[in-house]
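Thanks for asking me to look this over with you. Please keep the sequence and the 3D view open while you read my notes.

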Amino acid sequence: MRSPAARSLAMPRRCATRPGRSSRATRHFDRSDLQNAKAQLQWVLESSPHEDFRDLARLRLAAVLLDEKQHDEALKLLDAPRGAAYEAHYAALRGDLLVAKKQVAEARAAYQVALEKSDRRDGAFRDSVRMRLEALGG
C-alpha cells in the first residue's frame with residue numbers, strides 16, 4: 001500500500017500535462033493565499049471524478065481550515081468517508097485539530113488511531129505522530 005503522498009503523485013496521464021487544481025492549491029498555500037487554496041481544493045472536492053483526489057483535497061482543505069482556526073468545520077470534513085490509505089493521516093490531523101481545541105484526551109486517542117492505522121514502513125510519519133503524542137504526555 002502506497003502512502004497518500006505517493007498516491008497523490010500518481011496522477012492520471014491527462015492531469016500530468018498541466019498543473020492540477022490540487023498542485024495549484026499547494027502553491028497558494030505556500031504563499032499564504034489561503035482563500036485561493038481553499039477555492040482550488042473545494043473545486044477538486046466538488047468536481048474530481050477520482051476518489052483519491054477528493055480524499056486528498058479534503059485532507060488538505062481541513063489543514064487550511066486548521067490554519068484559519070475553523071476547527072469545527074475542519075473536523076466535519078474529516079468525518080467524510082475516505083479510502084483506507086488515508087485513515088492514519090485523517091486521524092493525525094484530527095488529533096491536531098483537537099489539540100487546537102484544547103481537547104487533549106480526544107487528541108491522544110486520535111493520535112493513537114493514527115499510529116495503529118499507519119503503515120509500519122512509514123517511519124517519518126509515525127515518528128511525527130509519536131512526537132505529538134509525547135508532547136501531550138501520552
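Below are a few numbered points, going from the overall picture to single helices and then to a pair of them.

1. Before anything else, please remember that this is a predicted model. Its secondary structure comes to nine helices and zero strands, so a walk along the sequence reads α-α-α-α-α-α-α-α-α.

2. How much of the protein is buried? Of its 138 residues, 39% count as buried. As for the contacts with a separation of 6 or more, residues 24 or more positions apart account for 48% of them.

3. Let's turn to helix 4, which covers residues 34-47. At 1.5 Å a residue, its 14 residues should span 20 Å, and the C-alpha atoms at its ends are indeed 20 Å apart, so the expected and computed lengths agree.

4. Which residues of helix 4 are buried? They are Leu 34, Ala 37, Lys 38, Gln 40, Leu 41, Val 44 and Leu 45. Because these residues cover an arc of only 165° around the axis, they lie on the same side of helix 4. A general rule helps when you read such a list: an α-helix has 3.6 residues a turn, so residues three or four places apart point the same way. On the other side of helix 4, Gln 35 and Glu 46 are exposed.

5. Helix 5 takes up residues 51-67. From the first C-alpha to the last, its 17 residues reach 25 Å, close to the 24 Å expected at 1.5 Å a residue.

6. Why can helix 5 be called largely enclosed by the rest of the structure? The reason is that twelve of its 17 residues are buried. Among them are Phe 53, Leu 56, Leu 59, Leu 61, Val 64 and Leu 65. Have a look at the charged-looking names in the list too: Arg 54, Asp 55 and Arg 58 are also buried in helix 5. Just after this helix, Lys 69 takes a positive phi of about 60°.

7. Finally, a pair of helices. Two packed helices are described by the angle between their axes and the distance between the axes. Helix 7 (residues 87-100) packs against helix 9 (residues 123-135) at an angle of about 25°, and their axes are 11 Å apart. Angles under 35 degrees count as roughly parallel, so helix 7 is roughly parallel to helix 9. From helix 7, Ala 88, His 89, Ala 92 and Asp 96 make the contact, and they meet Phe 125, Val 129 and Arg 132 of helix 9. The crossing of these two helices is left-handed.

Terms used
Residues numbered from 1 in each chain as written. Predicted model: local features only at pLDDT ≥ 70, side-chain atom pairs only at ≥ 80, totals over all residues. Heavy atoms only, no water. Helix = DSSP H or I, 4+ residues; strand = E, 2+ residues; numbered from the N terminus. Expected span 1.5 Å × (residues − 1). Buried < 20%, exposed > 50% of the residue type's maximum accessible area, 1.4 Å probe, protein only. Arc of directions from axis to C-beta. Axes fitted to C-alpha atoms, helices over the stretch in contact; angles between N-to-C directions. Parallel < 35°, antiparallel > 145°, perpendicular 65-115°, else oblique. Left-handed = near helix turned anticlockwise from the far one by under 90°. Contact = heavy atoms within 4.5 Å.
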